Amino acid sequence: MIGPSGSGKSTLARALAGLVPHELPGSWCGSLRVGDLDIASTPARVVSGQTGIVFQEPESQLVMPRVEDEVAFGLENRGWERPAMRARVPGALELVGLAGFEARATAALSGGEQQRLAIADVLAPMPGLLILDEPTANLDPPGMDGVFSRLASIAAARTRTLVIVEHRLDAALPLADLVLLLNAGGRQLAFGLPGEVGRAHAEELARLGSWVPRAWAGWTADDLPGPGAGMVQPGESRHEPELAQPVEGHAVLIADCVTVRYPRAAEGVERVALSAVSLVLHAGERVALVGPNGSGKSTLLFALAGLRRPSGGTVRVAVGGRLPDLDPARLPGRMLARVLGLVFQNPELGFVASTCAGEVAASLPVQGRLPDPADQQVVRALRDFGLEALADEDPFRLSEGEQRRLGIAAASVIGPSILLLDEPTFALDRRGAEAVVGLLDWLRTDGQAQLVATHDPRLIAVCDRVVALDQGRAIFDGSAAAFLADPPFRPAEPWRR
Amino acid sequence: MSFLPAPLEPVRPALLTRVAPVTRLVVGIAWLGVAVIVAGPAVPFGLAVAALAALVLLSGLPLARVPTRLAPLGLAALGLGLLTVLVDPANGDPVARVALALGPLRVTDAALSAGLTIALRLAVIALVSLLVFATSDPTRLADSLVQQWRVPYRFAYGTLAALRIVPLLAADWTAIGTVRRLRGIEPRGVRGRVGAFGNELMVLLVGAIRRAERMALAMDARGFDGDQPRGVFRPIALGRLDAAVLVGGLAVVIAAVAAGRG
């Protein structure tokens with residue numbers, strides 16, 4: 001199932017699993033049959049015996065602390081006898097490549113392993129229909145690789161029907177016998193063989209703001225356009241004139257041999273999260289920070305932002321156009337905020353106000369001004385980021401893409417000379433991702449340095465430089481083109497263009 | 001990144017890890033009830049000694065890690081005991097026997113006994129909760145509650161699922177504070193701080209509710225809806241060992257009470 005954000009893909013997936021209209025009520029018409037069950041008139045419990053659904057986030061669908069108990073959970077619910085469960089659990093784990101993981105703690109698995117466990121959970125009762133709602137959205141490339149190779153072997157066995165909602169189309173499309181295309185209004189555009197649907201609708205799909213698989217179009221990352229129409233006037237400077245400007249191209253942040261050790265964890269061993277990582281950020285430069293989950297990307301962002309004091313090495317940032325000579329961990333709060341901004345993957349964690357305008361205005365005191373939602377700068381930022389119609393809306397009610405833009409808008413009002421971002425295009429469709437990249441381009445025209453932790457090859461392609469981490473070490477620092485031509489990781493979705 | 005202490009778990013098989021969690025729960029409740037109800041320091045003292053002996057001999061817990069784990073409660077017990085000794089109303093009684101006098105400070109026998117009782121009761125609570133809850137994982141406790149006590153499984157396993165979210169919430173809480181700091185948001189004054197704290201709590205709550213909703217949906221999609229007989233993957237049987245622990249545990253209570261009287 002393919003379509004832009006808001007096209008109802010998840011709703012349809014949940015209906016197939018019997019969760020709509022029973023667990024998630026709404027008005028319903030038409031008829032939906034799964035096997036010989038009429039969904040609208042069959043209790044969800046009965047439907048759940050025939051279907052299994054896997055959701056996006058592994059951590060909010062796993063229930064039990066131990067792997068084998070987790071797989072048995074769904075079988076217990078369906079009243080299986082113990083010997084049958086004992087026999088089935090290892091088989092289900094085997095199917096997803098987790099044989100021998102029975103006694104492991106679910107919390108200690110990687111994201112990819114957790115997601116494969118979630119697939120084993122729903123495969124265990126042997127449903128005829130397996131539904132996957134963006135199963136790899138939260139995974140890094142190796143995790144995604146593992147999930148897709150397992151799905152490929154499950155699909156090849158031809159013993160059950162698979163329905164996959166995915167925006168990583170290059171990986172998902174080769175598995176598909178049929179493609180259902182939905183538009184932004186939730187209407188069916190096409191249903192048919194992938195090749196035919198692609199030929200007839202690839203252009204329309206791109207226009208709708210959805211990602212388009214490479215097999216369907218000669219589309220490359222170079223297509224990522226600038227700011228969305230009417231959002232930003234190019235050439236317009238957004239900084240207040242009295243703010244000191246960093247000198248174009250000069251180093252604004254120098255990290256030298258940064259090492260971070262976590263104190264004794266559960267096993268009583270010290271874990272080295274970062275090992276002698278050195279990194280320089282220049283004004284006006286956008287650098288991608290890549291690496292598998294757990295490779296130390298977040299720890300590095302925290303160390304650079306002065307939030308985690310390194311156990312070894314130094315971090316120095318430039319303040320007010322001087323040479324980088326100040327330790328961010330020693331800067332007073334407001335000064336730090338003017339130099340460094342950090343935009344988290346989940347913008348909700350940062351929300352402080354009940355309206356979008358208030359949210360942006362909350363950044364103003366850093367510049368010694370009152371947090372007035374009607375302030376000229378707030379109004380302008382909302383306009384620039386395409387959020388003016390939502391000024392009085394509750395930030396928690398926005399879509400994911402809007403929340404991401406609001407988070408960056410609030411950081412941009414301060415105008416930090418260094419902006420650190422964690423997965424800014426995560427889970428966005430093409431339109432959402434383009435809007436974010438366009439805004440980052442625009443913020444950079446004034447010399448802002450940007451460090452972007454990401455798995456997204458499209459975003460990497462629009463960075464100047466790539467720093468790759470693996471197990472806490474920097475294993476690559478060079479141009480994005482050189483990285484994409486010969487990536488040091490084995491990715492599932494081609495980094496290669 | 002983990003901000004929660006590592007759980008204290010048994011490192012070797014021991015008597016208490018082999019009995020059903022409900023057996024330990026019954027004995028634990030009996031010990032706690034008696035330690036709190038019976039007046040005077042003698043009974044809680046006897047039970048604290050017995051609990052300590054059980055911890056060393058029967059629990060299988062890594063003893064080296066127990067003191068750090070019990071330190072907060074231990075300090076609370078000491079502090080509360082000392083406070084009771086100093087401010088007990090019996091100190092003002094002119095005819096009461098004085099145990100200790102230091103200038104204006106006057107501590108009577110009754111106050112000393114009251115303080116000791118409070119401290120020992122807290123010690124019993126700390127030790128018994130370790131013996132009951134740390135000797136097996138939460139899954140076994142949930143299993144035992146469902147199988148032996150017919151606790152509704154939606155409640156037992158729902159609670160288990162909620163426990164899984166706690167570390168995630170701890171990480172969220174740290175992140176919430178961090179984002180605010182980096183946005184230069186510095187609440188001023190008591191009202192500002194209280195308001196900011198309330199707002200942070202709200203953000204945490206919204207996230208927790210979202211997570212819980214998604215989890216409930218995933219659980220229901222796996223047939224967890226409470227109106228069909230459920231299979232048992234990890235049966236827990238009550239045996240002779242449970243009977244022995246039950247009898248032994250209750251015998252300790254009776255002995256402690258008898259010794260306290262005598």
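# Exercises on a two-chain predicted model

The domain assignment splits chain B into domain 1 (15-143 + 239-261) and domain 2 (153-221). Keep in mind that you're working with a predicted model. Grab the structure and let's go.

## Exercise 1: Domains

Find out how far apart the domain centres lie in chain B and in chain A, and describe the side of domain 1 of chain A that touches domain 2 of chain A.

**Solution.**
Step 1. Start with chain B: the C-alpha centres of domain 1 and domain 2 of chain B are 34 Å apart.

Step 2. Now chain A, where the assignment gives domain 1 (9-219) and domain 2 (251-485). The C-alpha centres of these two domains of chain A lie 33 Å apart.

Step 3. Look at who does the touching. Domain 1 of chain A puts 11 residues into the contact, and domain 2 of chain A puts in 8 residues. On the domain 1 side, helix α6 (residues 141-157) of chain A has the largest share, with 3 residues.

Step 4. Sort that domain 1 side by class: you get 4 nonpolar, 6 polar and 1 charged.

## Exercise 2: Where the chains meet

Work out which helix of chain B gives the most to the side that touches chain A.

**Solution.**
Step 1. Get the totals: 46 residues of chain B are in contact with 57 residues of chain A.

Step 2. List the helices that supply at least two residues each on the chain B side: α6 (138-149), α7 (153-182) and α8 (189-221) of chain B are among the elements to write down.

Step 3. Pick the top contributor. That's α7(B), with 13 residues.

Step 4. Check the mix: the chain B side has 23 nonpolar, 9 polar and 14 charged residues.

## Exercise 3: A covered helix

Is helix α3 (residues 67-77) of chain A mostly covered or mostly uncovered, and what do its buried residues pack against?

**Solution.**
Step 1. Set the scene with chain A as a whole. Chain A holds 16 helices and 16 strands, and buried residues make up 52% of its 497 residues. Of the chain A contacts between residues at least 6 apart in sequence, 67% join residues at least 24 apart.

Step 2. Zoom in on α3(A): 11 of its 11 residues are buried, and the helix is mostly covered. The buried residues include A:V71, A:F73 and A:L75, and also A:E68, A:D69 and A:E70.

Step 3. Look for the partners. In chain A, the buried residues of α3(A) pack against α4 (82-95) and α5 (111-123), and α6 of chain B joins in as well.

Step 4. Peek past the end: α3(A) is followed by A:G79, which has a positive phi, near 75 degrees.

## Exercise 4: Two helix pairs

Classify how α12(A) and α13(A) lie to each other, then do it again for α6(B) and α7(B).

**Solution.**
Step 1. For helix α12 (residues 376-384) and helix α13 (residues 400-414) of chain A, the angle is about 140 degrees and the axes are 10 Å apart. The antiparallel class needs an angle over 145 degrees, so α12(A) and α13(A) count as oblique to each other.

Step 2. Add the handedness: α12(A) passes α13(A) in a right-handed crossing.

Step 3. Name the residues. α12(A) brings A:Q377, A:V378, A:A381 and A:L382, while α13(A) brings A:A409, A:S412 and A:V413. By class, that's 5 nonpolar, 2 polar and no charged residues.

Step 4. Over to chain B. The axes of α6(B) and α7(B) come within 9 Å and cross at roughly 170 degrees, so this pair is roughly antiparallel.

Step 5. Among the residues in this contact are B:P138 and B:L145 of α6(B), and B:Y153 and B:L163 of α7(B). The whole contact of α6(B) with α7(B) divides into 9 nonpolar, 2 polar and no charged.

## Exercise 5: Two single residues

Decide whether B:L250 and A:M335 are buried, partly exposed or exposed.

**Solution.**
Step 1. Recall the cut-offs: buried takes 20 or more other C-beta atoms within 10 Å, and exposed takes 12 or fewer.

Step 2. B:L250 sits in helix α9 (residues 240-261) of chain B. B:L250 has 15 C-beta neighbours inside 10 Å, so B:L250 is partly exposed. The C-alpha atoms of B:L250 and B:W31 are separated by 8.0 Å, yet these residues are 219 residues apart along the chain.

Step 3. A:M335 is in helix α10 (residues 333-339) of chain A. With 16 other C-beta atoms within 10 Å, A:M335 is partly exposed. A:M335 and A:Q367 are 32 residues apart in sequence and 9.2 Å apart in space, C-alpha to C-alpha.

Definitions and conventions:
Residues are numbered from 1 along each chain as its sequence is written. Chains are lettered from A and ligands numbered from 1 in the order in which they are written. This is a predicted model: local features need pLDDT of at least 70, side-chain atom pairs count only at pLDDT 80 or more; totals for chains, interfaces and linings use all residues. Domain bounds come from an automatic or database domain assignment. Two residues are in contact if their C-beta atoms, placed from the backbone, lie within 7 Å. Helices (H or I, at least four residues) and strands (E, at least two) are DSSP runs, numbered from the N terminus. Ala, Val, Leu, Ile, Met, Phe, Trp, Tyr, Cys and Pro count as nonpolar, Asp, Glu, Lys and Arg as charged, and the others, Gly among them, as polar. Axes are lines fitted to C-alpha atoms, for helices over the stretch in contact, and angles run from 0 to 180 degrees between N-to-C directions. Angles under 35 degrees count as roughly parallel, over 145 as roughly antiparallel, 65 to 115 as roughly perpendicular and the rest as oblique. A crossing is left-handed if the near helix is turned anticlockwise from the far one by less than a right angle, and right-handed if clockwise.
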